[in-house]
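Student: I would like to go through this structure with you and ask, for each label we use, what stands behind it.

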Amino acid sequence: MKFDGRKAARVKMDHRQPVNLMGSDGTWRRSCVLLDVSQSGAKIEVEGTLDVLQAKEFFMLLSSTGLAYRRCELVWIDGTTAGVHFVTADGKKKPAGAPAPAQTAAQGK
């Protein structure tokens with residue numbers, strides 16, 4: 001479902017989905033609630049101070065063990081709500097709707 005004029009379809013959470021943000025160096029951690037998510041980013045409500053979110057990159061831990069996570073960059077902050085953009089493994093932002101590398105190679109043949 002697309003809303004708010006976004007390029008990527010977002011899924012709005014019906015229930016409070018707890019997640020954690022963690023600094024890429026592991027020195028800080030913040031509890032938060034996932035409000036909506038798409039392939040390219042998410043909207044979260046952060047508990048505690050937001051000053052640590054000014055870091056260039058951080059991780060969103062989607063599981064209690066930290067085995068499921070996404071690398072993020074901060075896009076915006078409004079009070080206790082923030083928007084993050086997911087970063088791909090090569091360090092580049094993933095454009096919304098971009099085909100996977102395997103699909104791109106298959107189309108070129």
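The conversation below turns to the chain as a whole, then to its strands, and then to two residues.

Tutor: Keep in mind throughout that this is a predicted model. The chain holds one helix and six strands, and read from the N terminus the elements follow the order β-β-β-β-β-β-α.

Student: What share of the residues of the chain counts as buried, and how much area does the chain expose?

Tutor: Of the 109 residues, 33% count as buried, while the exposed area of the chain is about 7000 Å², with carbon and sulfur atoms supplying 53% of it. As for contacts between residues at least 6 apart in sequence, 43% of them join residues at least 24 apart.

Student: In what order do the strands close into a barrel?

Tutor: The six strands close in the order β1-β2-β3-β6-β5-β4, with antiparallel pairing, and neighbouring strands of this sheet are turned by 45° against each other on average, direction ignored.

Student: How do you know that β3 and β6 count as paired?

Tutor: Pairing requires at least two bridges between two strands, and five bridges join β3 to β6, which run antiparallel, so the requirement is met. Within this pairing, Gly41 stands opposite His85 in β6.

Student: Why is Val46 called buried?

Tutor: The label applies under 20% relative accessible area, and Val46 has a relative accessibility of 4%, so Val46 counts as buried. Val46 belongs to strand β3, which covers residues 41-46.

Student: Which residues does Val46 touch, leaving aside those up to four places away in sequence?

Tutor: Val46 touches Leu21, Arg30, Ser31, Cys32, Leu53, Thr80 and Ala82, with residues up to four places away in sequence not counted. One of these partners, Arg30, is 16 residues from Val46 along the chain, and the C-alpha atoms of the two are separated by 7.1 Å.

Student: What makes Thr81 buried or exposed?

Tutor: Thr81 has a relative accessible area of 18%, and because the label buried applies under 20%, Thr81 is buried. Thr81 lies in strand β6, which covers residues 81-86.

Student: And which residues does Thr81 touch, with those up to four places away in sequence again not counted?

Tutor: On that basis, Thr81 touches Leu35, Lys43, Ile44, Glu45 and Trp76.

Conventions. Residues are numbered from 1 along each chain as its sequence is written. This is a predicted model: local features need pLDDT of at least 70, side-chain atom pairs count only at pLDDT 80 or more; totals for chains, interfaces and linings use all residues. Side-chain values use heavy atoms; hydrogens and water are left out. Helices (H or I, at least four residues) and strands (E, at least two) are DSSP runs, numbered from the N terminus. Buried means under 20% relative accessible area, exposed over 50%, partly exposed in between (1.4 Å probe, protein chains only). Contact means heavy atoms within 4.5 Å. Accessible areas come from the Shrake-Rupley method with a 1.4 Å probe; for residues, only the protein chains shown count as cover. Axes are lines fitted to C-alpha atoms, for helices over the stretch in contact, and angles run from 0 to 180 degrees between N-to-C directions.
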